[in-house]
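Visitor: I would like a close look at a single part of this structure, taken slowly. Please start with one residue and work outward from there.

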Amino acid sequence: MRSILFALFLAVGFALPTFAEETPPPVDPARIAAARDLLEVTGVTKQMDGMVQAMSRGFAKGANADTSEAGKKLSAQFDSGMKKLLEYKDQMISDFAVLYAQTFTAEEMKTVADFYRSGAGAKFIAKTPELMQKGAAIGMKYSEKIADEMKAASPPPAPEQK
């Protein structure tokens, strides 16, 4: 009985710090406002939309949605999940704002936002969707290479026995 109580005590003792970390302290509203401004100027919402579209295209290609009925079905299911994810976009943006506000001061976020409003920063933001698309294509190229290597390395299937 003592060992059970001791184990329970240890489990609760180790769990308490975890639960404490899950409930962050309140964040200064000025930091939240600066975080939201930074998220706005960096185009996070647009980037989320673009990322979901790129992921859907990549999944459809990987699932052979253009040539296979099963691929079409899997792609439709994936797209449905991505649409569901986007229903939480506003909540996710709020969570990102809290995360940024916990990580950076309002002044730091203002400095970064000011950079993104400058010529070089604005160009970086404008080019990000294109870079993400091209980056996704690079990732797909290597994913396909790995898949091909795995296929080549796997032994052929055993002949069917009658």
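Guide: S75 is buried, because its relative accessibility is 8% and the cut-off for buried is under 20%. The model is a predicted one, and S75 sits in helix α4, which covers residues 69–86. Leaving out residues up to four places away in sequence, S75 touches F59, A60 and A65.

The next stop is M55, a residue of helix α3. M55 has a relative accessible area of 36% and therefore counts as partly exposed: this value falls between the 20% limit for buried and the 50% limit for exposed. When neighbours within four places in sequence are set aside, the contacts of M55 are F78 and M82. The C-alpha atom of M55 is also 9.1 Å from that of D79, although 24 residues along the chain separate M55 and D79. On the surface, M55 joins M51 and M132 in a nonpolar patch of about 240 Å².

M132 leads to helix α7, which runs over residues 119–153. Helix α7 has 35 residues, and the distance from its first C-alpha to its last is 50 Å. At 1.5 Å a residue, the expected figure is 51 Å, so the two values are close. Even so, α7 bends by about 40° at T128. A proline, P129, follows within four residues of that position. T128 is also one of the buried residues of α7, along with G121 and I125. These buried residues pack against three helices: α2 (29–41), α3 (44–62) and α6 (106–117). The second of these, α3, is the helix that holds M55.

Charged side chains come next. A salt bridge here needs a Lys or Arg side-chain nitrogen within 4 Å of a carboxyl oxygen of Asp or Glu, and by this rule the count is 5. One of them lies in α7, where the side chains of K127 and E130 meet at 3.6 Å, N to O. K127 and E130 are 3 residues apart in the helix, about one turn. K127 is partly exposed because its relative accessibility is 37%, and E130 is partly exposed too, with a relative accessible area of 34%. Salt bridges with shared partners link K127, E130 and K134 into one network.

Helix α6 has a salt bridge as well, between D114 and K110. The N to O distance for this pair is 2.9 Å, and D114 and K110 are 4 residues apart, again about one turn of the helix. An α-helix has 3.6 residues a turn, so residues three or four places apart point the same way. D114 counts as partly exposed because its relative accessibility is 37%, and K110 counts as partly exposed at 43%.

A further salt bridge joins the side chains of K84 and E87, at 3.2 Å from N to O. Here the two partners fall into separate classes: K84 is partly exposed, with a relative accessible area of 42%, whereas E87 is exposed, with a relative accessible area of 57%. The cut-off behind that split is 50%, because exposed means over that value.

To return to the start, S75 is buried at 8% relative accessibility, while M55 is partly exposed at 36%.

Technical notes. Residues are numbered from 1 along each chain as its sequence is written. This is a predicted model: local features need pLDDT of at least 70, side-chain atom pairs count only at pLDDT 80 or more; totals for chains, interfaces and linings use all residues. Side-chain values use heavy atoms; hydrogens and water are left out. Helices (H or I, at least four residues) and strands (E, at least two) are DSSP runs, numbered from the N terminus. The bend at a residue is the angle between axes fitted to the seven residues ending there and the seven starting there. Buried means under 20% relative accessible area, exposed over 50%, partly exposed in between (1.4 Å probe, protein chains only). Contact means heavy atoms within 4.5 Å. Patches are made of residues with over 30% relative accessible area and no salt bridge: like charges are joined within 9 Å, nonpolar side chains (Val, Leu, Ile, Met, Phe, Trp, Tyr) within 5 Å. Accessible areas come from the Shrake-Rupley method with a 1.4 Å probe; for residues, only the protein chains shown count as cover.
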